[in-house]
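Trainee: I'd like to go through this one by asking how each label is earned. Can we start as soon as it's on screen?

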Amino acid sequence: MAAAKQARTNPRQLANDVVDSLDIDDLASSVEVAGPGFLNIRLRDDVLGERIANSPLIEKDPTPLRVVIDYSSPNLAKEMHVGHLRSTVIGDAVSRCLELIGHTVIRQNHIGDWGTAFGRLIAYLDDLDDPSAMAAELADIERLYVHASQRFESDAAFADRARSKVIELQSKEPRAMSRWEHVMALAREHMSDIYARLDIALKPGDIRGESAYNDDLAPLIEELENHEGLVSESEGALCIFMPQFKTKAGDTQPMLIRKSDGGYLYHTTDLAALKYRTETLHADRVMYFTDARQILHFEMLFAAARLGKLVNENTSLEHHHFGKILGGDGKPFKTRAGDNILLRDLIDEAIERSTQTIETKNPDLDADRRADVIDAVAIGAVKYADLSKNRLHDYTFDWDEMLAFDGNTAPYLQYAYARISGIFEKGEVNPTDCKVPPVLNTAVEHQLAVHLLRFQEVIEQVATDAKPHYLCAYLYELTVRFMRFYEQCPILSETGSTKDGRLTLCARTGATLKTGLATLGIRVLTTM
RNA sequence: GCGCCUGUAGCUCAAUGGAUAGAGCAUUGGCCUUCUAAGCCAAGGGUUGAAGGUUCGAGUCCUUCCAGGCGUGCCA
């Protein structure tokens, strides 16, 4: 119908012409025109069956790209909280998806490890004479942050010392740097622990924080100033004015790259990072996962980077933003006191709730498998709840919903996988040995087979649009179709090619579920 | 003020300009001597915030309005 629009002809007539000239008897058992001009092609069962048995799950992209993915990137002056969850989980899933189809993914954890907040932490530690008091503060970075912030608000002399610590850091004063290293080691340890618990693929080697670009900022400003008319001074600050960004009065809105006091801003650091990603990492595509409040920042960043020739013309610069996580009241998800919910507390609660559910639903579970099941269900539920929604919208965080075993949830998909595993265990069959094409003589088998073969296109769609919920919707629909098949079609009690073919369907479904969930960063279970 | 985003079933969410706007939860009613009932099947539930417009075709694109959120020069 899109073709008909281009050709300005009647879509139904064009569809009829296509059917008449089509010769695909070797693939399709019937082709017919429906509605305003749809082509309904029914694939031959023998063709479907052959592909289920023998085609690869995923074919790699013939033109692999170097993709830099900037995600998670927490500010480490304080502990990771629920505000970091979406970037971390969504960026991780998209990274795995791009790797799955053969792209070279370079993860960049652009952590906040520099700036005013660290001046406060260091000044606070300096004020503590007692080594044991200092050790106690360092054992809990969140507490250190809260204490330092409170002091900063209430004590003007302290605030001045905190500001001077920032200057000391910038000039690499050894004592301040040593304290900073100390705090960062602690913060990185905390971050790694959260990633491990959430099963996030980010590793220490992926960290390249704001501080990594410190020495690049002054030369970068010089480089930009060499572009005629790009950089100008206004009210003591260095700015880039771009006519497409207007203020209320119709003036051009500036992008500040150096403050009037000589300090740099996140615009500057991000420009330096883009230069690094182009020149050193040789990125074909740069993807950012941050919340929607930064839309304007990235529009300016990309426009300025192009004007300043910091990136290649054909480098794709993409800001993939997302909405907020809301509590049940429609307001941002916070504690009752109004504080950010820490990720370690969120994970603890997920484990607690998962434990309760598993104990009720399956009290007979083997003790040695129990902890593993509880963990996979808890973490899978939290991640899937986020990934299964269109990231552009806000979403409501609901424990009961995400941990339910029915509906579009991780536990439902994990349960399907456990059922499949049960078949192979009971039948004493190795799924990788299943090569007999299924016959597909029932409607549910045909529908399962058709859906199985769409995995590739869904993965490609996620890689293009950076929207993991397409994959979730696909896997959920796959599971629904499998469950129908499972209810209606006996497997192990059958014999011959019917049994073997149905085992092939189970094997392919299991492999698709396992790979699909792994792409989302979620584990499958052989027993639940 | 200006800019961006959002508004779909009682609730939580889908719908990539296409067919009768779909799922789950909740509600009601079925299905376990048979591979995990943590499951499956069925029923009811809609003026897609409002009004115009473009199109063979609009939840989707355009205009205006309503409601909410976010951003809008020295934080990130």
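Trainee: Which residue does Ser232 stand opposite in E6?
Mentor: Ser232 faces Cys239 there. Keep in mind that this is a predicted model.

Trainee: What makes strand E5 (residues 231-234) and E6 a pair?
Mentor: Pairing takes at least two bridges. E5 and E6 are joined by 4 bridges and run antiparallel, so they pass that test.

Trainee: How many residues lie between E5 and E6 in their hairpin, and what is special about Glu235?
Mentor: The hairpin has 2 residues between the strands, and Glu235 in the turn has a positive phi of about 50°.

Trainee: How do you know that E6 and E7 pair?
Mentor: By the bridge count again: they share 5 bridges in the antiparallel sense, and at least two are needed, so they count as paired. Phe241 stands opposite Pro254 in E7.

Trainee: In what sense do strand E1 (residues 28-34) and E2 pair?
Mentor: Antiparallel, over 6 bridges. Glu32 has Asn40 in E2 as its bridge partner. The hairpin of E1 and E2 has 3 residues between the strands, and Gly35 takes a positive phi near 55°.

Trainee: Now the RNA. How many residues surround RNA strand B, and what makes a residue count as near?
Mentor: 58 residues surround RNA strand B, and the cut-off is a heavy atom within 4 Å. The closest are Phe38, Asn390, Phe405, Tyr415 and Arg419. Sugar and phosphate make up 57% of the atoms of RNA strand B that come within 4 Å of the protein.

Trainee: Why is the approach of Glu210 to RNA strand B called a polar contact?
Mentor: A polar side-chain atom of Glu210 lies 2.5 Å from a sugar or linking oxygen of RNA strand B. The limit for a pair of N or O atoms is 3.5 Å, so this qualifies.

Trainee: Which contacts reach the bases of RNA strand B?
Mentor: Ser260 is one of them, with a backbone N or O atom 2.8 Å from a base oxygen. Asn362 has a side-chain N or O atom 3.0 Å from a base nitrogen. Both distances are within 3.5 Å, so both are polar contacts. Among the elements giving two or more residues to the surface near RNA strand B are strand E6 (237-246), strand E7 (252-258) and helix H16 (410-427).

Trainee: How does the surface near RNA strand B divide by class?
Mentor: There are 29 nonpolar, 14 polar and 15 charged residues.

Trainee: Why is the space lined by Val439, Leu440, Asn441, Glu445, Ser497, Thr498, Gly501 and Arg502 called a cavity?
Mentor: Because a 1.4 Å probe fits in there but cannot get out. The largest cavity holds about 40 Å³ of space, and the search of the whole structure finds 1 cavity of 30 Å³ or more. H20 gives the largest share of the lining, 4 residues. By class, the lining has 2 nonpolar, 4 polar and 2 charged residues.

Trainee: And what makes the second largest pocket a pocket?
Mentor: A pocket is an open set of points, so the probe is not shut in as in a cavity. The volume of the second largest pocket is about 360 Å³. Of its 22 lining residues, the closest to the centre are Pro431, Thr432, Ala507, Arg508 and Ala511. Helix H20 (496-519) is one of the elements that give two or more residues to this lining, and the largest share, 7 residues, comes from H20.

Key
Residues numbered from 1 in each chain as written. Chains lettered and ligands numbered in written order. Predicted model: local features only at pLDDT ≥ 70, side-chain atom pairs only at ≥ 80, totals over all residues. Heavy atoms only, no water. Polar contact = N/O pair within 3.5 Å; in protein donor to acceptor, adjacent residues only side chain to side chain. Nonpolar A, V, L, I, M, F, W, Y, C, P; charged D, E, K, R; others polar. 1 Å grid on protein atoms, 1.4 Å probe; cavity = no way out; pocket = protein on both sides within 12 Å on 5 of 7 lines; lining within 4 Å. Points joined across faces, edges and corners; volume = space filled by probe spheres on them.
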